[in-house]
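This report introduces the structure shown below to a reader who has not met it before. It takes up the aromatic rings, then a single helix, then the surface near the DNA.

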Protein chains: 2
Amino acid sequence: MPARKQPKALPAMAEADIAIVRIAPETSFKNKAYEALKEAILKMDIYATPEQVMLDERALSERLGVSRTPIREAIAMLEQDGFVKTVPRRGIVVVRRTKTEIVDMIRAWAALESMAARLITTTARKKDITALRDFFKDFNQDRLPQDHIEEYSKANIAFHQALISLSESPVLVDMTNDILLHVRGYRQLTIGRKDRTATSLPEHMGIIEALEARDTELAEKRARDHTLGLAAYVEAHGQELFT
Amino acid sequence: MPARKQPKALPAMAEADIAIVRIAPETSFKNKAYEALKEAILKMDIYATPEQVMLDERALSERLGVSRTPIREAIAMLEQDGFVKTVPRRGIVVVRRTKTEIVDMIRAWAALESMAARLITTTARKKDITALRDFFKDFNQDRLPQDHIEEYSKANIAFHQALISLSESPVLVDMTNDILLHVRGYRQLTIGRKDRTATSLPEHMGIIEALEARDTELAEKRARDHTLGLAAYVEAHGQELFT
DNA sequence: GCAAGATTTTTGGCATACCAAATGCCAGAT
DNA sequence: ATCTGGCATTTGGTATGCCAAAAATCTTGC
């Protein structure tokens, strides 16, 4: 079949090249619903409630003020993400991860982050690497992380995300963020735990030092071992979270 | 609120334990459409056609004999997978990856596979590791891989998938499979290239040997370097594929 | 003959109605 | 009191129809 006729070139219009980026894409209800539901699922502490959490299409459509159609499409997307599972004629259940699954995810995280570290040693600018220290500038001998766990936990996540970003690898960034979203539920209860916090900060500094030294193998190893340490910790001490 | 009442235990019924399995879950049109479209997208050589490929909801619904609703849900899922991108009032376009993106994906694959290798050295049975050699039993000095590229390429993929599976990590398996689906379009044109095929087989054997020796660090390194080698190859020689 | 504007067509977004399966409640039988 | 069958309800699945924006096409005036 013949190719569709190409749209003809735009007329001259030499003046307005200014700030006409693309107009707001006016995100659809589908995407709004997706974002809203995703945030709601992440916000709720899924592991705090004993019974499994169910969603109802009609209730959601009423709540969000749209019809079921965009809601269903959003649900389909969330199911692809692994956040929910819809069972025909039964309902939509918010997925709970088992301890084993979480450990598994953290291992994958470790894999991706160590690769990011590897790439960073060959491409990132020294300035950007050094800037990673800033995430922890509010912590020191007089202000220990374990005394400000909530704050440190935030800095921790921000550090890891900034680290991955330095790899300039969209794939690594996206995959890691996906994993972090799933692990997030546990984060406050694991990364923030006092006993691990004490060793966390020195390990981070060790990673930064290896990156600055452009020591590819060492940076990779330190990044990997650091996150694998978290996995081992959850595997060993995460029992109480999954009663 | 009180938990939903649990269904009570089944009555005796000692007789009919025969072949009452579970009835087919009767997958929905939505899922059928998803599978059908996914396969169609993967099958078509998206990089062979010069113009971008568009999908039409109505045409698809007619072709598959279902209404637009399940089609749209399937499209929403495919969009989450990154196979298509729907532009409002414009159409649904099958996504083309750039060379840079493919290289990026292969690097992530390397990260995941090296972690799998690491895990395998500590958990897999020797028997299963050794079995990996079978994928290449049809190739030797008298029957070189580069003379049977198509066949070797298949064995290659099967080997990598089997390798990852040995890690017994569902997350690693799933993430890697996702990546392979995206890279597959290039596979025949890259992994199968003669110049790389020659070095591929010995590298695979090297990985297997390290696994058998339970040499965690070496296995990880070899697995990583092998796949990073592919990434470097595509980066260097993949120009012609992305005109 | 051509360009600007009006009109028709195309295409995804959304709302609504109906369907069928799974559950749960309840009356009637034992 | 308990069990059984059936009916009403709930809930996801699917089909349809209409809408608005953007493209494509046609019309018209110079």
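## Aromatic cluster

In this predicted model, F136(A), F139(A), Y152(A) and F159(A) are linked into a cluster by ring pairs. Over all chains, a search of the whole structure finds 6 aromatic pairs. One of them is formed by F139(A) and Y152(A), whose rings meet edge-to-face, with 5.4 Å from centre to centre and 90° between the planes. F139(A) is located in the loop between α5 (126–130) and α6 (149–166) of chain A, while Y152(A) belongs to helix α6 of chain A, so this pair ties together parts that lie 13 residues apart in sequence. Both partners are shielded by the protein: F139(A) is buried, with a relative accessible area of 7%, and Y152(A) is buried at 1% relative accessibility.

Chain B also has an edge-to-face pair, formed by F139(B) and Y152(B), with 5.4 Å from centre to centre and 85° between the planes. Here F139(B) lies in the loop between α5 (126–130) and α6 (149–166) of chain B and Y152(B) in helix α6 of chain B, so the pair ties together parts 13 residues apart in sequence. F139(B) is buried, with a relative accessible area of 7%; for Y152(B), also buried, the value is 1%.

## Helix α2 of chain B

Which residues of α2(B) are buried? They are E57(B), L60(B) and S61(B). Seen down the axis of α2(B), the buried residues fall within an arc of 100°, so they line one face of the helix. An α-helix has 3.6 residues a turn, so residues three or four places apart point the same way. The buried residues of α2(B) pack against α1 (29–43), β1 (54–55), α3 and β3 of chain B. On the other side of the helix, R58(B), E62(B) and R63(B) are exposed.

The N-terminal end of α2(B) is capped by D56(B), which has a side-chain oxygen 3.1 Å from the backbone nitrogen of R58(B). After the helix comes G65(B), with a positive phi near 75°.

## Surface near DNA strand C

There are 22 residues around DNA strand C, and those that come nearest are F29(A), S67(A), R90(A), R58(B) and R72(B). By class, this surface has 12 charged, 5 polar and 5 nonpolar residues. Several elements each supply at least two of its residues: α1 (29–43) and α3 (68–81) of chain A, and α2 (57–64), α3 (68–81) and β3 (91–94) of chain B. The most comes from α3(A), which gives 3 residues.

## Contacts with backbone and bases

Where on DNA strand C do the atoms within 4 Å of the protein belong? Sugar or phosphate accounts for 66% of them, and the rest belong to bases. A phosphate oxygen of DNA strand C lies 2.5 Å from a backbone N or O atom of F29(A).

Bases are approached from both chains. In chain A, an N or O atom in the side chain of T69(A) is 2.8 Å from a base nitrogen of DNA strand C. In chain B, the side chain of R58(B) has an N or O atom 2.4 Å from a base nitrogen of the strand. R58(B) thus appears in two settings: it is exposed on α2(B), and it is among the residues that come nearest to DNA strand C.

Technical notes
Residues are numbered from 1 along each chain as its sequence is written. Chains are lettered from A and ligands numbered from 1 in the order in which they are written. This is a predicted model: local features need pLDDT of at least 70, side-chain atom pairs count only at pLDDT 80 or more; totals for chains, interfaces and linings use all residues. Side-chain values use heavy atoms; hydrogens and water are left out. A residue is near a molecule or strand if one of its heavy atoms lies within 4 Å of it. A polar contact is a pair of N or O atoms within 3.5 Å; within protein, one must be able to donate a hydrogen and the other to accept it, and residues adjacent in sequence count only if both atoms are side-chain atoms. Helices (H or I, at least four residues) and strands (E, at least two) are DSSP runs, numbered from the N terminus. Ala, Val, Leu, Ile, Met, Phe, Trp, Tyr, Cys and Pro count as nonpolar, Asp, Glu, Lys and Arg as charged, and the others, Gly among them, as polar. Buried means under 20% relative accessible area, exposed over 50%, partly exposed in between (1.4 Å probe, protein chains only). The arc is that of the directions from the helix axis to the C-beta atoms. Contact means heavy atoms within 4.5 Å. Rings of Phe, Tyr and Trp (its six-membered ring) pair if their centres lie within 6.5 Å; planes under 30 degrees apart count as stacked, over 60 as edge-to-face and the rest as tilted.
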